[in-house]
Amino acid sequence: SGFFSSAVVMAQNSGVRSRRDVSGLVGGDVASALFEQHVDVVLSSKLQEHQSTGVVSMLRCLLGLQRVQHGTFGAILADGMGLGKTLQSIAIISTLFNAGVCLKSVVVCPAALVSNWSDEFRMWLGPQFPIVLAHGSQVVAAFEAFAREVSIPVLVTSYETLRANLHRLDVSALDMVVCDEAHKLKTVLPQ
């Protein structure tokens, strides 16, 4: 991977599906207030200033408070290596989950990074934050558990595994997809 190895966070076309009215959370800067009120306490203490700023900026885009192009919602996080894209992505996922705004997210990455993402979730949020890995011999069971269990907010899988098992997901039920090493999208998606 190159210097600008990027993580992409995309919400559905209409923005992160509003499970509750985020505009009613607070006045002023909704994204900042959402982050301050719902970010994991331990995670918050570990974020550097540029990472906190990045998370709030991403939240603005994902909540539709800052439009991208042509009225779509989403964001691309493309920092240099070692600046904390994974940590920022985890902070976004957990903040939106804790706020009740984003209940189902998929993290898709190269196969070699699936275990790394699992380790990062455990390191930053602890074992109590439920995720499921669709990797190895447990792929079908992982997809089924993620689809069935409301209490599992995150599925981590590889591009190849997602492509082969996309039929197992109700894509309309997904609130967010995080694509790590997003340049892989060009090679794994059908033309």
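**Exercise 1. The nonpolar cores**

How many residues does the largest nonpolar core have, and which residues have the most contacts inside it? Identify the elements that supply this core.

*Solution.* The structure is a predicted model.

Step 1. The largest nonpolar core comprises 29 residues, and L96 and F121 have the most contacts inside it.

Step 2. At least two residues of this core come from each of α3, α4 (85-98), β3 (105-109), α5, β5 (154-158) and β6 (176-180).

Step 3. The element that gives the most is α4, with six residues.

Step 4. A second core of 17 residues is separate from this one; Y159, L162, L169 and L174 are included in the second core.

Step 5. As a general remark, nonpolar side chains in soluble globular proteins tend to be buried together.

**Exercise 2. The chain as a whole**

Describe the secondary structure, burial and contact pattern of the chain.

*Solution.* Step 1. Eight helices and six strands make up the secondary structure of the chain. Their order along the sequence is β-α-α-α-β-α-β-α-β-α-β-α-β-α.

Step 2. The chain has 191 residues, of which 50% count as buried.

Step 3. Consider contacts between residues at least 6 apart in sequence: 74% of them join residues at least 24 apart.

Step 4. The chain has an accessible surface of about 9300 Å², and carbon and sulfur atoms account for 55% of that area.

**Exercise 3. Helix α5**

Compare the span of helix α5 with its expected value, and determine how its buried and exposed residues are placed.

*Solution.* Step 1. Helix α5 covers residues 114-125, twelve residues in total. Its first and last C-alpha atoms are 17 Å apart, close to the expected 16 Å.

Step 2. The buried residues of α5 are V114, W117, S118, F121, W124 and L125.

Step 3. Viewed down the axis of α5, these buried residues lie within an arc of 145 degrees, and therefore they line one face of the helix. The general rule behind such a pattern is that an α-helix has 3.6 residues a turn, so residues three or four places apart point the same way.

Step 4. D119 and M123 are exposed and sit on the face of α5 turned away from its buried side.

Step 5. R122 is also placed in α5. R122 counts as partly exposed because its relative accessibility is 33%, between the cut-offs of 20% and 50%. Not counting residues up to four places away in sequence, R122 touches P127, F129 and I131.

Step 6. L125 of α5 counts as buried because its relative accessibility is 6%, under the 20% limit. L125 and I90 are 35 residues apart along the chain, with 8.5 Å between their C-alpha atoms.

Step 7. Just after α5, G126 has a positive phi of about 85 degrees.

**Exercise 4. Helices α3 and α6**

Carry out a similar analysis for helices α3 and α6.

*Solution.* Step 1. Helix α3 (residues 49-62) has 14 residues and should span 20 Å at 1.5 Å a residue; its end C-alpha atoms are 20 Å apart, so the two values agree.

Step 2. Buried in α3 are Q51, S52, G54, V55, V56, M58, L59, C61 and L62. Just after α3, G64 adopts a positive phi of about 80 degrees.

Step 3. In helix α6 (residues 139-148), the buried residues are V139, A142, F143, A145 and F146. They fall within an arc of 165 degrees when seen down the axis of α6, so they line one face of the helix.

Step 4. These buried residues of α6 pack against β3, β4 (131-134), β5 and α7 (159-165).

**Exercise 5. Residue S158**

Is S158 buried or exposed, and with which residues is S158 in contact?

*Solution.* Step 1. S158 is located in strand β5. With a relative accessible area of 2%, S158 is buried.

Step 2. Setting aside neighbours within four places in sequence, S158 contacts V108, C109, P110, A111, V114 and A134.

Step 3. For the pair S158 and P110, the separation is 48 residues in sequence, and the C-alpha to C-alpha distance is 5.1 Å.

**Exercise 6. Salt bridges**

How many salt bridges does a search of the whole structure find, and which residue forms a salt bridge with R148?

*Solution.* Step 1. The search finds one salt bridge.

Step 2. E149 forms a salt bridge with R148, and their closest N and O atoms are 3.2 Å apart. This distance lies within the 4 Å cut-off.

Step 3. E149 counts as partly exposed, at 31% relative accessibility. R148 is exposed, with a relative accessible area of 55%.

Conventions. Residues numbered from 1 in each chain as written. Predicted model: local features only at pLDDT ≥ 70, side-chain atom pairs only at ≥ 80, totals over all residues. Heavy atoms only, no water. Helix = DSSP H or I, 4+ residues; strand = E, 2+ residues; numbered from the N terminus. Expected span 1.5 Å × (residues − 1). Buried < 20%, exposed > 50% of the residue type's maximum accessible area, 1.4 Å probe, protein only. Arc of directions from axis to C-beta. Salt bridge = Lys/Arg side-chain N within 4 Å of Asp/Glu carboxyl O. Contact = heavy atoms within 4.5 Å. Areas by Shrake-Rupley, 256 points an atom, 1.4 Å probe, with all protein chains shown as cover. Core = buried A, V, L, I, M, F, W, Y, C linked by side-chain atoms within 4.5 Å.
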